[in-house]
Amino acid sequence: ILISAVSNPLVGLCIGIFVTAVIQSSSATTSTVVAVVAVNPAFFPYAIPIIIGANIGTSVTNIIVSLGHITHPPSFRRAFAGALVHDLFNVLAASLIFPAECLIRIFTGRGFLERLGDSTAEMVSGGEGFRFSTMDRIIDPILVPAIELIERSGGSIHGNAPSFIMIIVGLMILFTALTLLTRSARKAIEGRVQKIIDRVLFRNAPISFIFGIGLTAFVQSSSITTSIVIPLVGGGLLSIDQVFSYMLGANIGTTITSLLAAMTAESTGDGSRFALAISFVHLYFNLIGIIIFYPLRRVPIYLARRIADYMSRNRKMAIVFLVVVFFIIPGSVILINWYLF
């Protein structure tokens with residue numbers, strides 16, 4: 001209801017930030033947006049700000065993980081800087097791309113991301129309905145029995161109550177999977193593996209970038225893949241420069257989830273095409289952000305270090321920063337729009 005009701009681009013951006021920060025998974029947010037667009041293709045242009053906001057909101061997990069070092073100022077300074085550089089990149093990219101998208105849409109009727117996503121989806125799908133049966137073969141053995149069980153206990157899956165149950169069950173499975181993956185990943189990087197990570201996987205920027213793409217595409221959560229390196233940054237095993245390229249790769253890798261969601265969307269014709277289009281918008285936003293800011297990478301890295309220096313001396317402000325930026329500001333914008341408009 002919250003997502004499908006948005007029409008103001010700024011509110012859409014804030015919804016993307018807030019919802020993703022609450023559930024700590026941009027994959028869940030973008031997949032939900034893809035599903036909404038598949039059912040209602042007219043929502044496609046309004047979904048773009050939510051996708052951009054989700055990119056910002058996903059970095060909240062990194063900052064929460066960095067707070068684990070808050071009792072040790074030197075470690076906290078490094079960890080917070082490593083977490084914040086991901087957030088700053090997403091914010092800087094959004095600060096340029098989001099206004100440009102809105103202005104071009106106002107003057108021409110369609111934003112440039114909207115045009116890019118739609119044209120790419122039309123080229124890939126040929127303008128017809130798009131189905132990816134392989135994904136159905138993978139998920140149907142789990143999905144179909146679950147649907148049948150809920151239908152037997154509560155009626156049609158298309159009813160409001162059974163659909164709500166599916167959402168709750170899905171979120172519970174998502175959080176459980178994220179927790180288990182995070183624990184497994186942290187155990188995997190202990191001991192000698194840390195040296196391999198430093199000397200091989202983070203040897204240079206291209207390798208770090210490719211590693212970020214591959215690992216995130218595999219676990220389908222940039223929140224996990226970016227947060228597991230924060231303890232390594234806090235411990236001085238990795239530098240902020242080393243993890244920057246890795247986090248950019250994670251931004252690309254996380255778009256795989258929305259692409260997979262689009263390929264399995266229960267829709268045909270325009271719904272299927274626009275579901276694919278919004279997933280391409282997610283990919284293009286990240287690619288354009290990298291093209292702009294990787295040559296200017298010293299800007300987010302410098303800002304992250306300066307802010308982290310301040311936060312290490314005023315550690316309570318780190319918690320204030322987390323709550324205000326990811327919850328109070330976007331939540332206030334949503335509430336104001338909800339009650340006044």
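This report describes the confidence, nonpolar cores, helix α17 and aromatic pairs of a predicted model.

Residues are numbered from 1 along each chain as its sequence is written, and side-chain values use heavy atoms, with hydrogens and water left out. Because the model is predicted, local features need pLDDT of at least 70 and side-chain atom pairs count only at pLDDT 80 or more, whereas totals for chains, interfaces and linings use all residues.

The average pLDDT (the predictor's confidence in each residue, from 0 to 100) is 80 for the protein, and 74% of the residues score at least 70. Confidence is highest in α16, at a mean of 94, and lowest in helix α7 (residues 133-154), at 54; helices here are DSSP runs (H or I, at least four residues), numbered from the N terminus. Over residues 127-136 pLDDT stays under 50, and the model has 23 contacts (heavy atoms within 4.5 Å) beyond four places in sequence for them.

The largest nonpolar core (buried Ala, Val, Leu, Ile, Met, Phe, Trp, Tyr and Cys residues joined through side-chain atoms within 4.5 Å) has 73 residues, and V37, I52, I63, F80, V229 and I278 have the most contacts inside it. Helix α5 (residues 73-108) supplies the largest share of this core, 14 residues. Leaving aside residues up to four places away in sequence, F80 touches I63, S66, I307, A308, M311, A318 and F321.

Helix α17 (residues 315-340) has 26 residues and should span 38 Å at 1.5 Å a residue (1.5 Å times one less than the number of residues), which agrees with the 36 Å between its end C-alpha atoms. At V324, α17 bends by about 45°, the bend being the angle between axes fitted to the seven residues ending there and the seven starting there. Its buried residues (under 20% relative accessible area, 1.4 Å probe, protein chains only) are A318, F321, L322, F326, P330, G331 and I334, and the elements covering them include α1, α3, α4, α5 and α16.

The structure holds ten aromatic pairs, meaning rings of Phe, Tyr and Trp (its six-membered ring) with centres within 6.5 Å; planes under 30 degrees apart count as stacked, over 60 as edge-to-face and the rest as tilted. Two of the pairs are tabulated here.

| Pair | Centre to centre | Angle between planes | Geometry |
|---|---|---|---|
| F80 and F321 | 6.1 Å | 70° | edge-to-face |
| F202 and Y246 | 5.2 Å | 55° | tilted |

F80 in helix α5 and F321 in helix α17 are 241 residues apart, and both are buried; together with F76 they form one aromatic cluster.

Notes:
Buried < 20%, exposed > 50% of the residue type's maximum accessible area, 1.4 Å probe, protein only. Helix = DSSP H or I, 4+ residues; strand = E, 2+ residues; numbered from the N terminus.
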